[in-house]
Amino acid sequence: MRPDALDDLVLDVIPAMMMYRSKVCGSEWPDEEMVDVIDRIMVPLVRSAPA
């Protein structure tokens with residue numbers, strides 16, 4: 001993980017996406033979709049750059 005990866009903006013991504021889904025789409029995310037969000041969005045945000 002990059003040393004600068006965990007800042008306020010990155011930490012707001014998942015709650016913001018959950019709020020969007022709840023308010024705009026009127027639904028909650030199944031666990032499988034939440035895992036997909038973590039894998040496809042959060043992991044790349046905090047992953048170290050390739051050497």
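This passage walks through the two helices of the model and how they pack.

The structure is a predicted model, so local features are reported only at pLDDT of at least 70 and side-chain atom pairs only at pLDDT 80 or more, while totals for chains, interfaces and linings use all residues. Numbering runs from 1 along each chain as its sequence is written, and side-chain values use heavy atoms, with hydrogens and water left out.

Take helix α1 to begin with (helices are DSSP runs of H or I, at least four residues, numbered from the N terminus). It covers residues 8-24, and its 17 residues should span 24 Å at 1.5 Å a residue; the end C-alpha atoms sit 23 Å apart, which agrees. The expected span here is 1.5 Å times one less than the number of residues. The helix isn't straight throughout: a kink of about 30 degrees falls at isoleucine 14, shortly before proline 15. The bend is the angle between axes fitted to the seven residues ending at a residue and the seven starting there. Just after α1, glycine 26 adopts a positive phi of about 65 degrees.

Helix α2 (31-46) helps cover the buried residues of α1. For its 16 residues a span of 22 Å is expected at 1.5 Å a residue, and the end C-alpha atoms are 21 Å apart, which agrees. There's a kink in α2 as well, about 30 degrees and centred on isoleucine 38.

As for packing, Val10, Ile14 and Arg21 are the buried residues of α1, and in α2 Met34, Val37, Met42 and Val46 are buried. Buried means under 20% relative accessible area, exposed over 50%, and partly exposed in between, with a 1.4 Å probe and protein chains only. The buried residues of α2 pack against α1.

The largest nonpolar core has eight residues: Ala5, Val10, Ile14, Trp29, Met34, Val37, Met42 and Val46. Both α1 and α2 supply at least two residues each, with the largest share, four residues, coming from α2. A core of this kind is a set of buried Ala, Val, Leu, Ile, Met, Phe, Trp, Tyr and Cys residues joined through side-chain atoms within 4.5 Å. Setting aside residues up to four places away in sequence, isoleucine 14 touches Met34, Val37, Ile38 and Met42, a contact being heavy atoms within 4.5 Å.

Arginine 21, also in α1, contacts Gly26, Ser27, Trp29 and Glu33 once neighbours within four places are left aside. Its side chain makes a polar contact of 3.0 Å with that of glutamate 33. Such a contact is a pair of N or O atoms within 3.5 Å; within protein, one must be able to donate a hydrogen and the other to accept it, and residues adjacent in sequence count only if both atoms are side-chain atoms.
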